[in-house]
Amino acid sequence: MYDQRSIIHSVGWSDGHLPRNRGPVTHLALHQNSISIFKTMNPRPLLIHSHYGWPPKPLNPYHMTPDLDSYDTIIVAFSGGKDSQASFLHLLDEGVPHDKIELWHHCIDGDGDRFMDWPVTEDYCRKFAEFWNVPIYYSWKTGGFKREMLRENQKTASIKFETPNDGTIETGGTRGNNSTRRKFPQVSANLNVRWCSAYLKIDVGACAVRNQPRFEGKRTLFITGERAQESKARANYNTLEPHRSDLRNGKRKQRHVDHWRPIHQWTESQVWEIIERYSVNPHPAYHLGWGRVSCATCIFASEDQWASVREIMPDTFDEIADYEDEFGFTIRQNKNVRELADRGQSFDGIQNAEMVRQAVSETYDQPIMLTNWTLPEGAFGDSAGPS
Ligand code: SF4
């Protein structure tokens with residue numbers, strides 16, 4: 001039995017770093033460069049310090065696992081990709097009741113033309129939610145990626161989000177200055193210039209929380225599936241911190257919203273292991289050879305991804321290439337997408353015509369569960385994607 005205060009002092013923290021849940025712990029594991037503290041025989045670490053060297057430096061106290069029972073609602077930002085699935089399945093492992101969980105999917109193309117996202121993604125997410133009997137709510141910026149990209153002396157568009165009882169709510173779009181983009185987001189970890197992640201996902205999710213009174217006076221956990229292994233920038237994310245929509249100390253109204261990244265320390269193997277254990281049929285793009293599923297034409301796409309997109313979605317590919325010409329501004333510095341595709345080699349998986357049909361269809365008609373689960377073609381493969 002260990003006392004959390006003495007452990008926290010031993011790694012250079014003060015009392016202010018004590019977690020809310022201060023009960024005694026029964027297991028302490030010291031690794032070469034990490035400490036794990038376990039509350040019960042259930043090996044769920046309360047604190048994990050890793051990849052920071054030894055002895056660990058004082059860290060943000062929010063590298064902790066929250067007390068899941070303490071939340072009224074748990075929202076999983078659900079892209080349909082493997083990491084958001086693993087985050088959801090981890091909640092099932094932890095015994096979180098289904099009626100506390102909501103999946104939220106941010107539609108990158110919004111209500112505009114299909115341009116960036118996989119056509120099948122929205123329906124795949126819907127069928128996944130139906131299978132697990134959890135609600136799914138969609139949210140988007142009006143006009144989606146394309147309207148924001150083509151903005152010319154205009155304000156950024158409004159945001160729309162679905163709700164359980166009040167239908168679809170629209171907010172924003174009236175304040176701020178007019179300005180012009182007419183270019184693709186920059187391939188950067190800096191979200192100020194990589195505007196797609198900020199404008200089409202992060203802001204949309206926060207706006208949907210802030211504008212629903214049902215979260216006021218309640219405790220809400222907002223979950224996203226970033227992993228440290230994906231990039232240097234993501235390795236520096238906190239595992240647990242107040243969400244940007246949090247208002248726990250508000251004067252007129254309070255809203256407690258924590259942001260948790262439950263699989264931040266997981267490896268890709270762990271992600272596939274939990275998906276296999278639950279026999280989930282991965283998003284069709286994984287079967288085609290993509291190692292990460294984000295937008296089909298993600299600005300971070302590798303040469304092989306561009307070569308593959310050109311074959312299976314030629315119209316979308318040409319549209320993007322034409323916009324690069326029109327803007328005089330390419331997605332990647334010094335090379336346009338046609339040159340990138342020329343240098344790449346298409347994935348073998350796109351020879352599977354049935355899977356291509358499924359990926360570019362707006363209806364997902366394959367099973368969510370597989371009886372004979374095998375690793376998809378793209379697992380441990382080309383993982384180009386947002387950093
Ligand atoms: S997946 Fe790529 S293109 Fe799509 S929003 Fe994220 S960074 Fe932008």
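**A chat about helix 9, helix 3 and the sheet**

User: Why is helix 9 (residues 303-312) said to be largely enclosed by the rest of the structure?

Analyst: This is a predicted model, where local features need pLDDT of at least 70 and side-chain atom pairs count only at pLDDT 80 or more, while totals for chains, interfaces and linings use all residues. Residues are numbered from 1 along each chain as its sequence is written. A residue is buried if 20 or more other C-beta atoms, placed from the backbone, lie within 10 Å of its own (exposed: 12 or fewer; partly exposed: in between). Helix 9 is largely enclosed because the buried ones among its 10 residues number eight.

User: Which helices do the buried residues of helix 9 pack against?

Analyst: Helices (H or I, at least four residues) and strands (E, at least two) are DSSP runs, numbered from the N terminus. Contact means C-beta atoms, placed from the backbone, within 7 Å. The buried set in helix 9 includes Trp306 and Ile312, and the partners are helix 10 (314-327), helix 11 (337-343) and helix 12 (353-359).

User: What is the strand order in the open sheet of eight strands?

Analyst: Two strands pair if DSSP finds at least two bridges between them. Pairing in this sheet is mixed. The order is 8-7-6-5-4-9-11-10.

User: Which strands are at the edges?

Analyst: An edge strand here pairs on one side only. One of the two joins strand 11 (residues 256-260) through three antiparallel bridges. The edges are strand 8 (168-171) and strand 10 (240-242).

User: Which strands does helix 3 (residues 121-132) touch as it packs on the sheet?

Analyst: Its direction makes about 175 degrees with that of strand 5; axes are lines fitted to C-alpha atoms, for helices over the stretch in contact, and angles run from 0 to 180 degrees between N-to-C directions. The buried residues of helix 3 do the packing here too. The strands touched are strand 5 and strand 6 (136-141).

User: Within what arc do the buried residues of helix 3 fall?

Analyst: Those residues are Thr121, Glu122, Tyr124, Cys125, Phe128 and Ala129. An α-helix has 3.6 residues a turn, so residues three or four places apart point the same way. The arc is taken over the directions from the helix axis to the C-beta atoms. The buried residues line one face of helix 3, because they fall within an arc of 165 degrees.

User: What is the mean pLDDT of the chain?

Analyst: pLDDT is the predictor's confidence in each residue, from 0 to 100. In this chain, 84% of residues reach 70 or more, though over residues 16-62 the value is below 50. The mean is 88.

Technical notes: Contact = placed C-beta atoms within 7 Å.
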